[in-house]
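Please open the structure in your viewer and keep the selection tool at hand. This tour moves from one selection to the next and says what can be found at each stop.

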Amino acid sequence: MENLRIFVADTSNESVQNMKSYFASQRGIDVVGTFTEGSTLIHALKNNKVDVLIIDLYLPNVDGVSILHLLKEENEISRPKCVIATSAFTSERIMKKVADLGADFFIQKPLNLTNILDIINDLKVKPVGPKVNAVNLNSSNAYDLDTEITTLLHEIGVPAHIRGF
């Protein structure tokens, strides 16, 4: 089987180098491009076909959300088999937006490269699926924090009218 081709894009040059070193040492994976800003990533995506894109949402020049929008809308850019969005900052709104734009996973920083490697290795065997410490954005089981907290409060005996959150 052919090696999986990966692009890594992150605002931190140190993070990019760490991911490049880690994934380059793994069998069956080729890191074919690293980027610390969005405009060069867009150019590379137009000229190269990759299997996996690991992208920070807060890239300079052109942010990751805009790049995901381009991947969804533009025909001249080939969409990777798997898009893993990363960010130090997260909210339900951001995760929904990223999912709507076609990202397969959202992982909050600091990154656990072993978990990302598991996601990537699963591509060799089967289509994208959920992993530990990663939010699978294609899952139909939406996590409702409000419902979860209410259920927990009921379990410990707090009356329904005393929620306070």
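Does D10 count as buried or exposed, and what is its relative accessibility? The model you are looking at is predicted, and in it D10 has a relative accessibility of 1%, which is under the 20% cut-off, so this residue counts as buried.

Keep D10 selected and add K109, because the side chains of these two residues meet in a salt bridge, with N and O 2.8 Å apart. This pair links distant parts of the chain, since D10 sits in the loop between β1 and α1 while K109 sits in the loop between β5 (105-108) and α5 (113-125), 99 residues apart. Unlike the buried D10, K109 counts as partly exposed, at 21% relative accessibility.

Now add D56 to the selection: K109 forms a salt bridge with this residue too, and here the closest N and O atoms are 2.9 Å apart. D56 belongs to strand β3 and is 53 residues away from K109 along the chain, and this pair again links distant parts of the chain. D56 counts as buried, with a relative accessibility of 3%. With D10, D56 and K109 shown together, you have a network of salt bridges in view.

Next, select helix α2, which covers residues 38-47, and colour G38, L41, I42, A44 and L45, which are buried. If you look down the axis of α2, these buried residues fall within an arc of 165°, so they line one face of the helix. Turn to the other side of α2, and you will find H43 and N47, which are exposed. What do the buried residues of α2 pack against? Show β1 (4-9), β2 (29-35), β3 (52-56) and α3 (64-73), for these are the elements that they pack against.

Stay with α2 and select K46 together with E76, whose side chains meet in a salt bridge of 3.4 Å, taken from N to O. K46 lies in helix α2 and E76 in the loop between α3 and β4 (82-87), so that this pair, 30 residues apart, links distant parts of the chain. K46 is partly exposed, with a relative accessible area of 38%, whereas E76 counts as exposed, at 52%.

For the last stop, select Q17 in helix α1, which covers residues 13-24. Q17 is partly exposed, with a relative accessible area of 35%. Add T34, and you can check that the C-alpha atoms of Q17 and T34 are separated by 8.1 Å, although the two residues are 17 residues apart along the chain.

Technical notes. Residues numbered from 1 in each chain as written. Predicted model: local features only at pLDDT ≥ 70, side-chain atom pairs only at ≥ 80, totals over all residues. Heavy atoms only, no water. Buried < 20%, exposed > 50% of the residue type's maximum accessible area, 1.4 Å probe, protein only. Helix = DSSP H or I, 4+ residues; strand = E, 2+ residues; numbered from the N terminus. Arc of directions from axis to C-beta. Contact = heavy atoms within 4.5 Å. Salt bridge = Lys/Arg side-chain N within 4 Å of Asp/Glu carboxyl O.
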